[in-house]
Amino acid sequence: MKTLNFGIVGYKFMGKAHSNALSRLPMFFETDMAIRKKALCGRDKEWAEQAAQTLGWDEVETDWRKLVARDDIDVIDITAPSNFHKEIALGAAQHGKHIFCEKPLALNLADAREMLDAANAAGVKHQIGFNYRFAPALVLAKQLIDQGKLGKIFHFRGSFLQDWIIDPEFPKVWRLDKKVCGSGSLGDLGAHVIDAARYLVGDMKTVTGMSKTFVKERPVVERMTGLSGKAAADAPREAVDVDDATSFVCEFENGALGLFEATRFAQGHKNDMSLEVNGEKGSIRFEFERMNELHYFSASDEPGEQGWRLIQVSEGIHPYWSHWWPTGHVIGFPETFCHQLYEFVQSIEQDKPCVPSFEDGVKCAQIMEAVDLSIDRRAWVDVDSL
Ligand code: SOE
């Protein structure tokens, strides 16, 4: 059995999610290649060594350039902050490594396109980490739409709501620093909703949006702890240069209308990615915090018996479920990473294109840039004009 040697860059939130998924993959999914967590890369040797031990990686590198050049590494998994994505991906492509990269693909559209071109030119497999589309209930929603159960689609309504930075004393962590993250709530949260919309409904033709930075200055962060961070009591304040909230509307290429909202200022909402699709024959509704459920309304049901059905998406016949537990023994956020890495490994094994690939990352970046431009111009922007 051939072994697929992974090298990961980053070991915080996403590094942990990917490490966990890579360890569990062989326990639940059959693959033709063995998966080896070969080397973890982080700039600080001591922290990287500790992370490698905790997360189960064989070796440590402190320079990603060395990692991508290693002959014994087949895949580079990029889970470092967004400002590192491009150079690591270009380096990985240059050395002929397959690449898995977390979202958003890059700091801007031009960089995202450069990454796609480099990966294509190198002939390597490339996948982007839009893990939410791998919730089995969303895959089922996609199947229902593809089977024509919703008919012609009229509306997509999607939001991603969180509430963790409302306190003005919450420090300026890297997710609030444009040079590191590229975009605020739109790039961090909206990107997942945009991807889900493209997955379920298709490409967007034109967009217009609005955004707001509610807290304009925050204490400078001293040390990151998970998503959060610590600031000294007398820490100076720095301007926040990303959006706290962005909303936009769109028209899809198939004529459907879309409504989007991404914010970290929705008190009471922790990781609430929700969406609804309405078609001429039916509707579906999904909420990530109840990710094992899909709401489905069918106008073909008997008159007088019509109503929203709540489908428990946790049976062997449901997408990915035959790999997991007996019916009803529900799964969660970490399993979405197993599903996406399973697809990635299969693409390598069977030499078939990855879905979602860097191309989907570019399309998402194109939409986000069109939304930003529409906000600057206070006008509609055609996505294809960029
Ligand atoms: C933090 O805002 C975050 O973890 C994002 O970075 C993720 O992509 C999304 O899963 C939820 O929120």
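By class, six nonpolar, four polar and three charged residues make up the lining of the second largest pocket in this predicted model. The volume of that pocket is about 310 Å³. If you want to find it on screen, start from Y11, K12, K16, W47 and A51, which are the closest to its centre of the 13 lining residues. Helix 1 (13–28), helix 2 (45–55) and strand 10 (223–225) are the elements that each give two or more residues to the lining. Helix 2 has the largest share there, with five residues.

Now for the enclosed space. The structure holds one cavity of 30 Å³ or more, and the largest cavity has a volume of about 30 Å³. Its lining is made of L186, G190, V193, T246, F248, F260, E261 and A262. The elements giving two or more residues to this lining are helix 8, strand 13 (245–252) and strand 14 (257–263). Sorted by class, the cavity lining has five nonpolar, two polar and one charged residues.

Helix 8 turns up again in a helix pair. The axes of helix 8 (residues 185–200) and helix 10 (residues 358–377) come within 10 Å and cross at roughly 115°, and the crossing is right-handed. On the helix 8 side, L186, G187, A191, I194 and R198 take part, and they meet D360, K363, C364, I367, M368, V371 and D372 of helix 10. That contact has seven nonpolar, one polar and four charged residues. L186 is a residue to look at twice, since it appears in this helix contact and also in the lining of the largest cavity.

What does R198 touch, leaving aside its neighbours within four places in sequence? R198 is in contact with D203, D360, K363 and I367. This arginine sits in helix 8 and counts as buried because its relative accessibility is 13%, under the 20% cut-off.

Helix 6 (residues 136–146) is largely enclosed by the rest of the structure, because eight of its 11 residues are buried. Those buried residues are P136, A137, L138, V139, L140, A141, L144 and I145. After helix 6 comes G148, with a positive phi near 80°.

A few spots in the backbone are worth a look, and here they are together.

| Site | Backbone feature | Value |
|---|---|---|
| K103 and P104 | cis peptide bond | omega about -15° |
| V355 and P356 | cis peptide bond | omega about -5° |
| Y320 | positive phi, not a glycine | phi about 65° |
| R378 | positive phi, not a glycine | phi about 50° |

As for where these sit, P104 lies in the loop between strand 5 and helix 5 (109–122), while P356 is in the loop between helix 9 (333–350) and helix 10. Y320 belongs to the loop between strand 18 (309–312) and helix 9, and R378 to the loop between helix 10 and strand 19 (381–382).

Are Y320 and R378 buried or exposed? Y320 counts as buried, at 14% relative accessibility, whereas R378 is exposed, with a relative accessible area of 76%.

One more loop to finish: G96 lies between helix 4 (85–94) and strand 5 (98–102). At 43% relative accessibility, G96 counts as partly exposed. Its C-alpha atom is separated by 15 Å from that of W64, and the two residues are 32 residues apart along the chain.

Methods. Residues are numbered from 1 along each chain as its sequence is written. This is a predicted model: local features need pLDDT of at least 70, side-chain atom pairs count only at pLDDT 80 or more; totals for chains, interfaces and linings use all residues. Side-chain values use heavy atoms; hydrogens and water are left out. Axes are lines fitted to C-alpha atoms, for helices over the stretch in contact, and angles run from 0 to 180 degrees between N-to-C directions. Helices (H or I, at least four residues) and strands (E, at least two) are DSSP runs, numbered from the N terminus. A crossing is left-handed if the near helix is turned anticlockwise from the far one by less than a right angle, and right-handed if clockwise. Contact means heavy atoms within 4.5 Å. Ala, Val, Leu, Ile, Met, Phe, Trp, Tyr, Cys and Pro count as nonpolar, Asp, Glu, Lys and Arg as charged, and the others, Gly among them, as polar. On a 1 Å grid over the protein atoms alone, a cavity is a set of points where a 1.4 Å probe fits but cannot get out, and a pocket is an open set with protein on both sides within 12 Å along at least five of seven lines; lining residues have an atom within 4 Å of a point. Grid points are joined across faces, edges and corners, and a volume is the space filled by probe spheres set on the points. Buried means under 20% relative accessible area, exposed over 50%, partly exposed in between (1.4 Å probe, protein chains only).
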